[in-house]
Each structure stands twice: as structure tokens, then as C-alpha cells.
Amino acid sequence: MKPATRAAWDALTHHAAAGSGVHLRELFAADAQRFARLSVTWNDWLLDYSKQRVAPETMHLLQGLWHAADVPGWILRMRNGDAINHTEDRAALHIALRHPASAGPILHGGHDVMPAVHHELDRMQAFVGQIHGRHWRGATGEPISDVVNIGIGGSDLGPRMATQALAAFRHPDIRVHYVANLDGADLATTLAALQPRTTLFVIASKTFTTQETMQNAASARHWLVQALGEAAVARHFVAVSTNLAEVARFGIDPANAFAFWDWVGGRYSLWSAIGLPLALAVGFDNFRRLLAGAHAMDGHFFSAPPAENLPGLLALLEIWNSNFLGADNRALLPYSQSLGLLPRYLQQLEMESNGKQTDRQGQPLQCAAAPVLWGEPGTNGQHAFYQLIHQGGHLIPCEFIACRQPDFDLPGHHPKLLANCFAQSEALMRGKTLAETTAELAAGGMAPDQVARLAPYRSFPGNQPSTTLLLPRLDPHTLGALLALYEHKVFVQSIIWDINPFDQWGVEYGKQLANRLLPIIEGKAPGAGLDCSTAGLIHYCKS
């Protein structure tokens, strides 16, 4: 940790110790303007962090950490196309994927990448137009009704999550399905409801060698060929890849392969051709609105000071909770069924990016990074794990996301949804004292001995920190901005923690070991050199 960052860190450590006994109730009682002081707006968004265990001085010290770590300088390095992914010697230019053609160049290695980006977007748009216009026909001459995206990780989670999130904008004639798991149940149950003659497969793999994706692709190909013959492959498969030789070997016309680049990490790739199934699901105009929303958030992140910077504020608040208050997890609680997959998507974005213990100098990290992220949409989660948050004794910072207007407007639903969302954040903040519970039960006519017996069970400590992000309405522009918000939040945290958020060597190691074990499990290689547990598991399966 750099000396300037260490000084800012130490100041926050002392500040946290000084305020350790203060309850959120007290902070609200002491400042009637707390909401006004500790909330910010951007366009028609509201970020309320007044229920976090912070004071104005806390935020001032956290903003000092932003400057001490040189967040503005790192932002500039990213925008300039520097190889900030230093372990793979790559840039991280996902911002270029949503950069308008009219907004000027973005350079990588001295070359403007924008012509290639927009060339690929234009190809995607033309293809989506062919499918939606029923001009692309399958091998039997019928139009496509179902699209199956086969990918994993960043080639699956992003478009899958966004397709569900934008269900209100779905094209009426196209159903999009997603298959990722190597478990055959995933593909088999998807194919069971489909007809080969009207199904199109999108195989999403940068190298076209990803084990899970290529096994699912091979099985899908077998299913299609059995029904329609070998020649049908070219009309029912397209690829998102950079390995055109493998694409052609599979039987896909390279003209139907869509490209992306090595300066795009998988979990940051929704904005590229990886988003093709999403564009097929909602139409290309809506896909461009998604890109425009992300670009708008890019502009906000690049220009807003830390006191008003939404990604920066979320990053700093989580660092405060994790590194200075001791929280090792965070609950993400979208009060939107359409955002039901957002916690899973952000698990990959945040924990794969910042789940590291080695700093940029190759030294052990001097602080905890990347708290565990989990969550479920409200109100479902209220009937599952909220009990633990309220009375389980763990410090669990919560992040609520709600929309002022619904995407599916059924009478009577949305006011109740918002009431539950706001009530939960209030309950987590306030809690209920033993005295309050005792008075409430007595006022309800309960006998004194029962009051004394039951009041402890019905009391709540409160003081659970939370943030509420209030969006106008879930539409493509808003979703694009929301996802870019979290991308930039992760980047800010990585800068302050001094780690590289763009590699994932832990994931790669697991793949390496799986490739070593596969021939042993298949009986094609001896199991020499295995530990006794792994050898025992393999032996038991084979016997």
C-alpha cells in the first residue's frame, strides 16, 4: 500500500474506532437533514446512503482515500488504453464497446478501435434484422422462432440477466434460451421443448475451445444433425468468437462469426457481440439504448467528483463497511423480479474481479478485498433470509434497488412492493428496543407475564447499514447505466485495494486440473500422482 494511501487508511481506522458505539438511530435523531446531506441524484436517479453508518466526516475521509490512491489517474490510464491488466499485458477497454461513433476515437496501441467496434455492431444489427424480418431461414425454409445461446461465465451471465431484465421489451416472435452448465440436464431440458427446424444456436466462446461450451455445442450439433442432416449446421449455428479456424471446423460459415477483442474481459463483454442473443430478444434499437445508457454512466463516472460520483460512492461505502467496520459480505436486494438474475451477474463481476490476495507488486494484500455478494429479489427474500439479517447477529450491509415505475404495471402491485422495500431499510436501521416491544405488546392487551416472556424474541438490534438506489423505470437505457455503474464501482475498489480486477487465475487453475483429471476418469490414463482423496473419489465413481 502506497504511503499516501496508508495515511488515509490510518485516518479512517481511527475514525471508525471513535464512532464504534454510535447507533444509526442516534445519527438520525441528531440531524434532521441527514437524508439531504447523505443522498445524491443523477439525472432522475436517487442514491440514498443516509442509512449507512457514516457521518459527513466519514465521507470526507473516504474521499481522501479516493485521491490518495489516485483514482482519477487510473481512470485516465483505462481511457488511454494502457495495459492496466498487467498480468496479461492487456488494456481494459470495455468502455469502447458503448462509445458512440460520433464521440471521437479511443486508442489501443496507437490505433483507433472505434471503426472495428461499430463495424461489428452494424453486422449484428443486420443479422438481427434478418432474423426478425424472417429473411433468415433454417434448412427446411422455415423462419427462426427460438434462439439458444451456448456459453458460460461472461458469455452467459450478462446476456441471460439482461434478457430477463428487459422482458417487457421482448420481441414477440423470438424466444431466447440460455445453456451454460456442463451438466447434460441443462441442454437436454432446453432442447426438449424445441424443434430443430426453427432453432438457431449462438455458440459464444472467444477461443472456441472452452470445455463446457464446446461440449454443449457438440451435443446440440448432434441433436440438429440427427434431425436435419449435416448440411443444416450452417443455417442453424452462428458463433461469437475470434478463432475462425475452429469455427469453420465446427461447420459454421466464418461469415456468420461475430468478433470481439482481447481487450474485452468476459465479464465485461455484454456490450460486444456477446450481447447478440440479447439483441435478438429485444431488438437492436433497444440494444443500442442499452449501450447509450452505459455510455451515459461512463461520462458521469469520468467527470463527477467523488462526493457526487455514484460508482465512487458505492465503492467507498463498501470499503468502509468491509475494511473498517468488519463486514465480510453484502446483500444485494433488487425489488424487481425482472432484476432477479442481477445478484448472480454481479457475483461474477465483483468476486471474480476483486477476489484476490496479491497486490499489483506481487505482494500479499494488506487488507481484505471483495466481500461475498449474495441476494434475491424482494419480496421473495423477506420470506427466506431476512430473518438472519434482522436478528442473526451478523453485520450485513444491504443494497436495495427499486424502480419508481413498474415495467409490468398490474394494478395494486407496485405500491405494495415499494412499501416493503422502504420498510425493510427502515427496520434494519431502527430496530426495535426491548422497551418499545414491551410497550407495544402491553398496548395490545397481552398479559404482563406473557409480555415479559415474549418481548425479548420480538426485539431487534437494528443498526444494519443499507443503501437504496431508486431508479426511474427498468428499461434498456436504465439497465445499461446500472450495469456500467457496477463495472466502475469494481474498478474504483481495485484501485484502492491495489489489485488487478481484470484477470482470473483461480478460474484458470481449476480448468487446468479438470483437463488433467478427465482422461483418468475416462480410463484413458493412469491416476498416478493424485492425492488420496481425489484418487478415492475417482475410484468410487468408476467402480
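What follows is a short conversation about cavities and two buried residues in a predicted model.

User: Happy to be looking at this one together! Why is H300 called buried?

Analyst: Good place to start. The relative accessibility of H300 is 8%, and buried means under 20%, so H300 counts as buried. As for its setting, H300 lies in helix α13, which covers residues 284–303.

User: What makes the approach of the H300 side chain to L310 a polar contact?

Analyst: The side chain of H300 reaches the backbone nitrogen of L310 at 3.0 Å. A polar contact needs a pair of N or O atoms within 3.5 Å, one able to donate a hydrogen and the other to accept it, and the H300–L310 distance of 3.0 Å is within that cut-off.

User: Which residues does H300 contact, leaving aside its neighbours within four places in sequence?

Analyst: With those neighbours set aside, H300 is in contact with W42, E308, N309, L310 and P311. Contact here means heavy atoms within 4.5 Å.

User: How do you know whether Q348 is buried or exposed?

Analyst: By the same kind of check. Q348 has a relative accessible area of 12%; the limit for buried is under 20%, so Q348 is buried. Q348 is found in helix α15, residues 342–354. Leaving aside neighbours within four places in sequence, its contacts are G153, G154, L157, R267 and S353.

User: Now for the empty spaces. How many cavities of 30 Å³ or more does a search of the whole structure find?

Analyst: There are five cavities of 30 Å³ or more. The largest has a volume of about 100 Å³. Of the 14 residues that line the largest cavity, Q52, E318, N321, R330 and E399 are the closest to its centre.

User: Which elements supply at least two residues each to the lining of the largest cavity, and which gives the most?

Analyst: α14 (310–324), β10 (329–334) and β12 (398–405) each supply at least two. The most comes from α14, with five residues. By type, the lining of the largest cavity divides into six nonpolar, five polar and three charged residues.

User: What makes two of the residues lining the second largest cavity charged?

Analyst: The second largest cavity holds about 70 Å³ of space, and its lining is M1, K2, T5, A69, W74, I495, I496 and D498. Asp and Lys count as charged, so K2 and D498 are the two charged residues. The rest of that lining divides into five nonpolar and one polar.

Technical notes. Residues are numbered from 1 along each chain as its sequence is written. This is a predicted model: local features need pLDDT of at least 70, side-chain atom pairs count only at pLDDT 80 or more; totals for chains, interfaces and linings use all residues. Side-chain values use heavy atoms; hydrogens and water are left out. On a 1 Å grid over the protein atoms alone, a cavity is a set of points where a 1.4 Å probe fits but cannot get out, and a pocket is an open set with protein on both sides within 12 Å along at least five of seven lines; lining residues have an atom within 4 Å of a point. Grid points are joined across faces, edges and corners, and a volume is the space filled by probe spheres set on the points. Helices (H or I, at least four residues) and strands (E, at least two) are DSSP runs, numbered from the N terminus. Buried means under 20% relative accessible area, exposed over 50%, partly exposed in between (1.4 Å probe, protein chains only).
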